[in-house]
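Me: Could you take a close look at one part of this model for me, the place where the ligand sits, and then work outwards to whatever surrounds it? I'd like one connected account rather than a list.

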Amino acid sequence: MHQIDHSKLFPVIDRHVWLNHAAISAWPAPVIQAAHDFVDDNQSHGALNYEAWVATEEQLRAQLAHFIQAPFADDISLLRNTSEALNIIAQGLSWASGDEVVFPANEFPSNLLPWEWLQKKGVIPKAIELSKQDPEQSLINAITPKTRLVAASSVQFDTGLRLNLTRIGEACRKNNALFAVDVIQHLGALPLDVSTLPIDFVVCGSHKWLMAPEGMGFMWSRASARAQMEVALPGWRMYPDPFNFNRTDWTPPDTGRRFETGTVNMFGIHGLAAAISLLTELGTHSTGEALLDRTDYLVNALSQNPRIDMISPIEREKRAGIVCFRAKDTNAECMVQALANKEIYVAKRGHNIRVSPHFYTPYEQIDTFLAHIEDQQLWQQCAA
Ligand SMILES: Cc1ncc(COP(=O)(O)O)c(C=O)c1O
């Protein structure tokens, strides 16, 4: 990573110890600037520059494709969030009674509900507990000839476990099952290269590791997977020339746009475009390594404390930006609140504490967090 002044690029550093990027990130300076510019444009010109906004939208499709190493911008659908994308997949595939969907049992609800809902169509949702020793194998063992789709987050929101997508994807391929991957806890934290992965769908939202405004997400889909899907939600925005309202042929395109419906989130598009430009410029390989260095540092320090049970994997290659641990015999909510009172922001997930720095987080801030977590007073105050 070339020398950059992080406090200028990431103004949150001057105000808080923000270790909660797995929830929502503060916007970096270029995203804040893009938001200001969009407001200024509206204030001065209303929607007169709409054509330029549409150009930014088009550019974002190409930026996103490049960011995940996808060969074609046409495989990108601009959507609202991860849930929308996963529901588009669930409702778009044509299911037969007895078809199965395999997914990890402890997924974030956006990756459970669309599959559970399919029970109404006779589909069998198989929520699989991931073993600690070999979580990928737990999913692979659950795949049968009836399995139509495997869905998983590449990084689990509650443990920080990073799954080996190649292993799961290859098992899907062998069994003619599709593989949908929620990368909201991965993209922006670590690089992603869909060109080398045996996956069919990638879905993502923008407000976590990508550090962009909420309400904006996207899906990448492989053309062969898309070809198996109906358009469940038709809309005028799915056409390459959406402003031609007099068309007579309403055949949906076969590109990713077929899953887009009506008016797009122009504000979100401008914010996400700025965020992707920044991350592309910084280089996701170096930012990814910088983030893993920080989570290694946290895991090493926290593992020294006998009163802490590490929930996240110890191995660097099995983690991304999330470190989860259990402070034994304490109330996690009390701990998280006590830290927030000191301007240190982490999250409670279940009975655990989830810490999620980003690549720019200064080590001094991580040390500040660690110093507080070692503080006996905190443990006494939050004793369960
Ligand atoms: C793994 C995972 N998927 C999805 C989401 C969010 O879903 P959506 O984009 O639908 O709000 C989260 C977190 O909020 C998450 O951790």
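**Around the ligand and outwards**

Reply: Happy to. The ligand has 13 residues around it, and the closest are Asn81, Thr82, Ser83, Phe157 and Gly205. Bear in mind that this is a predicted model. By class, the shell around the ligand is made up of nine polar residues, three nonpolar ones and one charged one.

From there, let's go to Gly160, which belongs to the loop between strand 5 (147-153) and helix 7 (165-174). Is Gly160 buried or exposed? Buried: the cut-off is 20 or more other C-beta atoms within 10 Å, and Gly160 counts as buried because it has 28 such neighbours inside 10 Å. Setting aside residues within four places in sequence, the contacts of Gly160 are Val155, Ser312, Arg319, Ala320, Ile322, Val323 and Cys324. Take Val323 from that list: 163 residues separate it from Gly160 along the chain, yet their C-alpha atoms are 5.9 Å apart.

That brings us to strand 10, which covers residues 323-327. Four of its five residues are buried, so strand 10 is largely enclosed by the rest of the structure. Strand 10 has antiparallel pairings to look at. Three bridges link it to strand 9 (residues 308-310), running antiparallel, and here Phe325 of strand 10 is the bridge partner of Met310. Another three bridges link strand 10 to strand 13 (residues 352-355), also antiparallel. In that pairing Cys324 is matched with Arg354 of strand 13, and Cys324 is also one of the residues in contact with Gly160.

Now step back to the domains. The chain splits into domain 1 (6-28 + 284-381) and domain 2 (30-281), and the C-alpha centres of the two lie 28 Å apart. Where they meet, 24 residues of domain 1 are in contact with 22 residues of domain 2. Which elements give two or more residues to the domain 1 side? Helix 10 (284-303) and strand 10 do, with helix 10 giving the most, five residues. Sorted by class, that side of domain 1 has 11 nonpolar, 10 polar and three charged residues.

The nonpolar interior is worth a look too. In soluble globular proteins, nonpolar side chains tend to be buried together. Here the largest nonpolar core has 103 residues, and Val150, Ala180, Val202, Met219 and Ala275 have the most contacts inside it. Helix 9 (residues 266-282) supplies the largest share of this core, eight residues. Both domain 1 and domain 2 give residues to this core, so it lies between them. To zoom in on one of those well-connected residues, Ala180 touches Leu86, Ile89, Leu149, Ala151, Asp200, Phe201 and Val203, leaving out residues up to four places away in sequence.

For contrast, finish at Asp14, in the loop between helix 1 (6-9) and strand 1 (17-18). With 8 C-beta neighbours inside 10 Å, Asp14 counts as exposed, whereas Gly160 with its 28 counts as buried. Asp14 and Arg349 are 335 residues apart along the chain, and their C-alpha atoms are separated by 26 Å.

Notes:
Residues are numbered from 1 along each chain as its sequence is written. This is a predicted model: local features need pLDDT of at least 70, side-chain atom pairs count only at pLDDT 80 or more; totals for chains, interfaces and linings use all residues. A residue is buried if 20 or more other C-beta atoms lie within 10 Å of its own, exposed if 12 or fewer, and partly exposed in between; C-beta atoms are placed from the backbone. Two strands pair if DSSP finds at least two bridges between them. A nonpolar core is a set of buried Ala, Val, Leu, Ile, Met, Phe, Trp, Tyr and Cys residues joined through C-beta atoms within 7 Å. Domain bounds come from an automatic or database domain assignment. Two residues are in contact if their C-beta atoms, placed from the backbone, lie within 7 Å. A residue is near a molecule or strand if its C-beta atom, placed from the backbone, lies within 6 Å of it. Ala, Val, Leu, Ile, Met, Phe, Trp, Tyr, Cys and Pro count as nonpolar, Asp, Glu, Lys and Arg as charged, and the others, Gly among them, as polar.
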